[in-house]
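Please walk through this protein fold step by step. Keep the sequence and the structure side by side while reading.

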Amino acid sequence: MSATYVLCRLDDIPSRKARGFQLLRVDDEGEHRPWGIIVIRWGRQVVGYVNRCPHNGVHLDWERNQFLDPDGTRLMCGKHGALFDLGTGLCVDGPCRGAGLEPVALSLEEGDICITGVTLVEDEELDGDLPPCEAEGV
Ligand code: FES
């Protein structure tokens with residue numbers, strides 16, 4: 001069973017920036033698993049990927065929320081420098097060239113960035129929503 005969850009407001013992520021979220025996902029066996037994702041905003045478009053490099057399985061940001069290359073046009077893994085196309089998640093340069101990041105289904109609903117297709121552990125005290133995003137420097 002899956003639902004739709006509000007991650008944050010669109011405006012919480014500046015355009016042409018990426019931000020990481022650490023979530024808790026319910027897997028097929030009902031176990032709770034930490035699940036890190038990356039959300040990229042480009043104007044009114046949002047794209048999401050699991051924060052896991054296909055090369056060594058580590059998270060891409062070796063400094064918090066530092067996901068983009070120096071040009072700001074591709075995702076970059078901080079460990080060995082693999083570069084990923086923002087729109088497709090495909091590795092275009094580096095040790096895992098040709099492999100891809102796992103996509104995360106996102107949608108925009110009334111200015112909220114929402115995640116679908118998974119079951120997340122929620123904090124019931126927050127009435128079903130995930131904690132609100134903080135406006136951090138990204
Ligand atoms: S772990 Fe990401 S490029 Fe090696």
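The paragraphs below go from the overall fold to the sheets, then to the cores and a few single residues.

This is a predicted model. The protein has 10 strands and zero helices. Read along the sequence, the pattern is therefore β-β-β-β-β-β-β-β-β-β, where strands are DSSP runs of at least two residues. Of the 138 residues, 39% count as buried. The exposed surface comes to about 7900 Å². Carbon and sulfur atoms supply 45% of that area. Contacts reach across the sequence: among those between residues at least 6 apart, 52% join residues at least 24 apart.

Now the sheets. In general, strands of a sheet pair through backbone hydrogen bonds, either parallel or antiparallel. One open sheet here has three strands in the order 1-10-9, with antiparallel pairing. Strand 1 and strand 9 (106-109) stand at its edges. Each has a single partner strand, so one side of each is left without a neighbour in the sheet. On average, neighbouring strands of this sheet are turned by 35° against each other, direction ignored. Strand 9 and strand 10 are joined by four bridges in the antiparallel sense. Within strand 10, I113 is the residue that stands opposite L108.

Another open sheet of three strands runs in the order 5-6-7, again with antiparallel pairing. Its edge strands are strand 5 and strand 7 (91-93), and each pairs on one side only. The twist averages 40° from one strand to the next. Strand 6 (residues 83-85) meets strand 7 through two bridges, with the two running antiparallel. Here L83 stands opposite D93 of strand 7.

Strand 3 and strand 4 make a further pairing. Six bridges link them in the antiparallel sense. Together they form a hairpin with two residues between them. Where does the chain turn? G43 sits in the turn and has a positive phi of about 65°. W42 has Q45 of strand 4 as its bridge partner. Strand 4 also pairs with strand 8 (residues 103-104), antiparallel and over two bridges. There, Y49 has P103 in strand 8 as its bridge partner.

Next comes the interior. The largest nonpolar core has 18 residues. Which residues have the most contacts inside it? They are L7, W35, I37, I113 and I115. Several strands contribute: strand 1 (3-9), strand 2 (17-26), strand 3 (32-42), strand 4 (45-50) and strand 10 (112-118) each supply at least two residues of this core. Apart from this core lies another, of 17 residues. Among its members are Y49, C53, F84 and L101. Y49 thus appears twice in this account, as a bridge partner of P103 and as a member of this core.

W35 deserves a look of its own. Not counting residues up to four places away in sequence, W35 touches F21, Q22, L23, R25, V50, V104, I115, V118 and L120. One of these, I115, is also among the residues with the most contacts inside the largest core.

A polar residue lies in the interior too. N51 is placed in the loop between strand 4 and strand 5 (74-76). Is N51 buried or exposed? N51 has a relative accessible area of 14%, and buried means under 20%, so N51 is buried. The side chain of N51 has polar partners. One of its polar atoms lies 2.7 Å from the backbone nitrogen of L60. The N51 side chain also makes a polar contact with the side chain of D61, at 3.0 Å. Leaving aside neighbours within four places in sequence, N51 is in contact with G36, I37, I38, V58, H59, L60, D61 and F67. One of these, I37, is among the best-connected residues listed for the largest core.

Two loop residues other than glycine have positive phi values. R16 has a phi near 70°. R16 is found in the loop between strand 1 and strand 2. With a relative accessible area of 52%, R16 is exposed. N65 has a phi near 65°. The place of N65 is in the loop between strand 4 and strand 5. N65 counts as buried, at 7% relative accessibility.

Note on methods: Residues are numbered from 1 along each chain as its sequence is written. This is a predicted model: local features need pLDDT of at least 70, side-chain atom pairs count only at pLDDT 80 or more; totals for chains, interfaces and linings use all residues. Side-chain values use heavy atoms; hydrogens and water are left out. A nonpolar core is a set of buried Ala, Val, Leu, Ile, Met, Phe, Trp, Tyr and Cys residues joined through side-chain atoms within 4.5 Å. Buried means under 20% relative accessible area, exposed over 50%, partly exposed in between (1.4 Å probe, protein chains only). Contact means heavy atoms within 4.5 Å. Accessible areas come from the Shrake-Rupley method with a 1.4 Å probe; for residues, only the protein chains shown count as cover. A polar contact is a pair of N or O atoms within 3.5 Å; within protein, one must be able to donate a hydrogen and the other to accept it, and residues adjacent in sequence count only if both atoms are side-chain atoms. Two strands pair if DSSP finds at least two bridges between them. Axes are lines fitted to C-alpha atoms, for helices over the stretch in contact, and angles run from 0 to 180 degrees between N-to-C directions.
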